[in-house]
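Reader: I'm new to protein structures and would love a close look at the empty spaces in this one. Could you walk me through the main pocket and what surrounds it?

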Amino acid sequence: MSTIKWGILATGGIAATFTEDLKLLPDAEVVAVGSRSAETAKVFADRYGIPRAHGSWAELAADPDVDIVYVANTQNAHYEAVTTCLNAGKAVLCEKAFTLNRAQAAELVGLARERGLFLMEAMWMRCNPAIRKIVSLVGEGVLGPVNTVHADFGISVSVGPDHRLRDPKLGGGALLDLGVYPVSFAHMILGAPEKVQSWARITPEGVDENTGILLGYPGGAAAMLSCGITTHSPVTASISGPLGRIELPHLFFRPDTFTLYRAATEPETFHVPYEGNGMNHEAAEAMRCLREGLLESPLVPWQSTLDVMGIMDEVRAQIGVRFPGE
């Protein structure tokens, strides 16, 4: 597979950013785009010089030239879109939150395993070069055993009840849209927690707009996480152990720098630059896995996706958020 041929499912902002970043990969080619609207698909195709525009997900999934589909629609529709692609024999890179809940995610993983197809959550944070360096340093023991993880992702937006962030039918709320990053970050460092505690303020529509999460681990380690759509938070993260700490700056999920603090030594700042918006790294990882015949990525394994979805299920159960059909 000298060139991996991509299909883009959806035509919104994230799909546009991903398509732009694919241009940074000389062995990637976007050959088709699909949408529920033939008109919007054509506009997107014309904008990016994509050869074919399909007016349905099924048509995109059936395109014989497509090797892998990037699913970038709203999270309430991920399950249907990914199922359509897998049943058509296509590998899939699907945006986060991967699905609305763990049960849906488990079904998709089962289908990918059954069909022998590659499937990966598009958690680009885990493929970021600086994040990979941090994971390596923590694994080498520069901090000693990790005791605490802090991470937050809050934005302050003023949107109406019909906006996707406030609409339960679209999987709205802070948790699935933003909280997935702090939860995934904590899981990446500490694994699956033993206990979950959470608190939230719920909107009149029934989604969370400000949420705090405490994850407890065997041995006493803890992760303190928060997310919100009415909170202008630092969007930073830190990892601490007995030998020191690592601090990640604003927009911790896509860093190009971080600082290691250790006792009796000067702080050490690492610069790990990347091109574009950084989504090219998850695309490159998916392409590497396809070429090597892997069904899942070791950077974003299926179990991590299932664990994170399970944590968010438990948080929603505690704060009283349910999506239609659950």
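**A look at the pocket**

Author: Happy to! According to UniProt, in an unreviewed entry, residues 4–120 carry the feature "domain: Gfo/Idh/MocA-like oxidoreductase N-terminal". Keep in mind that the model in front of you is predicted. Across residues 4–120 the chain is 44% helix and 22% strand, and the C-alpha atoms at the two ends lie 16 Å apart.

Now for the empty space. Rolling a probe the size of a water molecule over the atoms shows where such space is left. The largest pocket has a volume of about 640 Å³. Its lining is made by 29 residues, and the closest to the pocket centre are Ile-14, Glu-95, Lys-96, Arg-164 and Asp-177. Two elements give two or more residues to this lining: helix H1 (13–22) and helix H7 (174–190). By character, the lining residues divide into 14 nonpolar, 10 polar and 5 charged.

There is an enclosed space as well. The count comes to 1 cavity of 30 Å³ or more, and the largest cavity has a volume of about 30 Å³. You can find it by looking for the residues that line it: Trp-124, Asn-128, Phe-253, Arg-254, Tyr-274, Asn-277 and Gly-278. That lining divides into 3 nonpolar, 3 polar and 1 charged.

To finish, have a look at a pair of strands. Strand S8 (residues 195–202) and strand S9 (residues 208–216) pair in the antiparallel sense over 8 bridges, and Ser-198 has Ile-213 in S9 as its bridge partner. The two strands form a hairpin with 5 residues between them; in the turn, Gly-206 has a positive phi of about 100°.

Technical notes
Residues are numbered from 1 along each chain as its sequence is written. This is a predicted model: local features need pLDDT of at least 70, side-chain atom pairs count only at pLDDT 80 or more; totals for chains, interfaces and linings use all residues. Side-chain values use heavy atoms; hydrogens and water are left out. UniProt positions are given in the numbering used here, feature names are shortened, and annotations may be inferred rather than shown by experiment. Helices (H or I, at least four residues) and strands (E, at least two) are DSSP runs, numbered from the N terminus. On a 1 Å grid over the protein atoms alone, a cavity is a set of points where a 1.4 Å probe fits but cannot get out, and a pocket is an open set with protein on both sides within 12 Å along at least five of seven lines; lining residues have an atom within 4 Å of a point. Grid points are joined across faces, edges and corners, and a volume is the space filled by probe spheres set on the points. Ala, Val, Leu, Ile, Met, Phe, Trp, Tyr, Cys and Pro count as nonpolar, Asp, Glu, Lys and Arg as charged, and the others, Gly among them, as polar. Two strands pair if DSSP finds at least two bridges between them.
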